[in-house]
Amino acid sequence: MGERSRATTIADVAAHAGVSQASVSRVLNGKQTVDPAIVQRVQASIATLGYSPSVAARSLVHGRNDTIAMVVPDLENPLFQGILKGLSLAAASDGYRVLVADTAEQVDDEEATAIEARHRCDAIVLCAPRMPEQRLRRLVAQVAPVVVVNRPLPGADVPIVGVDYVRGIRDLVEHLLGLGHRHFAYVSGPATSASNAERLRGVEEAEQAHPELRIDVMPGGSRLEDGYALAETVLRARDEGATAVIAFNDLVALGLMTRLRQLGVDVPGDLSIAGFDDVPMARFATPSLTSMSVPRGEIGAQVWARLRTLIAGGPIEHSVLYRPRLEARDSTAPLA
């Protein structure tokens, strides 16, 4: 069995180029004070020897490793996938990579996961964290630089990028009211979800603005199977007069529509269904799903813009809250 080949080192490059190791380091780090002739010799030696700088060593020199982490509660959710894509593309343009940690909706794992991720990366993104507010406030101070996504945190010294779920729900209610519906059911998201709390606030404000409106709130979830399992409960609400359903998100709405179709329920003839987030599969559903569109990629890009400033030692930039856009499709229709 042959001996393992030894990796080329910075000492090998220096010897080949006939310069000091310090000169090679200055060339690798892009120092402007190095003689151009030395730069040319070092670069030629690097190419000849096939030298590749150690990422670990460079991180020790620079105090960073050009990597950030994004902690999410459920990476299966297309909303988080879209935000991740926007974040990754924006970060890559600045030479950064994004690692992902999925806590699988386990609130108790979020804090430890975020701390471990921060130890490995230059900064982190907390996407829709579920943990209680006081724990979150302590955590953001501990793991800075950090940006929080889709979680209100008034007065906290941290950038927030999110969605105006209150306004989004009210706009969706207005759409259904315009179709003649007056009795709705709202299928809630996870109890620990801050965005669900914002949606519920939108429900309350809509009821206050329209005394003739009735919205029945029922426990739900955030996944396809949650919506699928709730079909019979939704049908009982329909039997009590509900003519339209607003689901916590598109996944719940799509799971619900699948089960209703199996039960012979016509959507939207018997019941109008609307979701939230406008995930890619929403417009390809049968029927196509009415939803509130959220700019997932733009959110990711804005997160990186703020995180990049923090990594560079800059100030905390203002928070951003996006208003969702109604995408009216075939799953909602005028009340017969």
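## Strand 1 and its partners

In this predicted model, Ala69 stands opposite Ile124, a residue of strand 3. Strand 3, which spans residues 123–127, runs parallel to strand 1 and is joined to it by four bridges. Strand 1 also pairs with strand 2 (residues 97–102), again in the parallel sense and over six bridges, and within that pairing the bridge partner of Ile68 is Val98 of strand 2. Helix 5, made up of residues 78–92, completes a right-handed β-α-β unit together with strand 1 and strand 2.

Strand 1 itself, residues 67–72, is mostly covered, with six of its six residues buried. The covering applies to both faces: Thr67, Ala69 and Val71 are buried on one side, while Ile68, Met70 and Val72 are buried on the other.

## Nonpolar cores

Met70 reappears in the largest nonpolar core, which holds 47 residues and in which Met70, Val173, Phe184 and Ile299 touch the most other members. Helix 5 gives the most to this core, contributing seven residues. In soluble globular proteins, nonpolar side chains tend to be buried together.

When its neighbours within four places in sequence are left aside, Ile299 is in contact with Ile83, Val149, Val161, Val163, Val294 and Tyr322. A second core, separate from the largest one, consists of 25 residues and includes Ala231, Leu260, Val265 and Val267.

## The four-stranded open sheet

An open sheet is formed by four strands in the order 7-6-8-9, with parallel pairing. Strand 7 (214–218) and strand 9 (272–274) lie at the edges, and because each has a single partner strand, one side of each is left without a neighbour in the sheet. Neighbouring strands of this sheet are turned against each other by 20° on average, direction ignored.

At one of these edges, strand 9 is joined by three bridges to strand 8 (residues 244–247), the two running parallel, and Ile246 stands opposite Ala274 in strand 9.

## Helices packed on the sheet

Helix 9, residues 194–209, packs on the sheet and touches strand 6 (183–187) as well as strand 7, its direction making about 155° with that of strand 7. Helix 11, residues 231–239, likewise packs on the sheet, where it touches strand 6, strand 7 and strand 8, and the direction of helix 11 makes about 155° with that of strand 7.

Note on methods:
Residues are numbered from 1 along each chain as its sequence is written. This is a predicted model: local features need pLDDT of at least 70, side-chain atom pairs count only at pLDDT 80 or more; totals for chains, interfaces and linings use all residues. Side-chain values use heavy atoms; hydrogens and water are left out. Buried means under 20% relative accessible area, exposed over 50%, partly exposed in between (1.4 Å probe, protein chains only). Two strands pair if DSSP finds at least two bridges between them. A crossover is right-handed if, with the strands pointing away from the viewer, the path from the first strand over the helix to the second runs clockwise. A nonpolar core is a set of buried Ala, Val, Leu, Ile, Met, Phe, Trp, Tyr and Cys residues joined through side-chain atoms within 4.5 Å. Contact means heavy atoms within 4.5 Å. Axes are lines fitted to C-alpha atoms, for helices over the stretch in contact, and angles run from 0 to 180 degrees between N-to-C directions.
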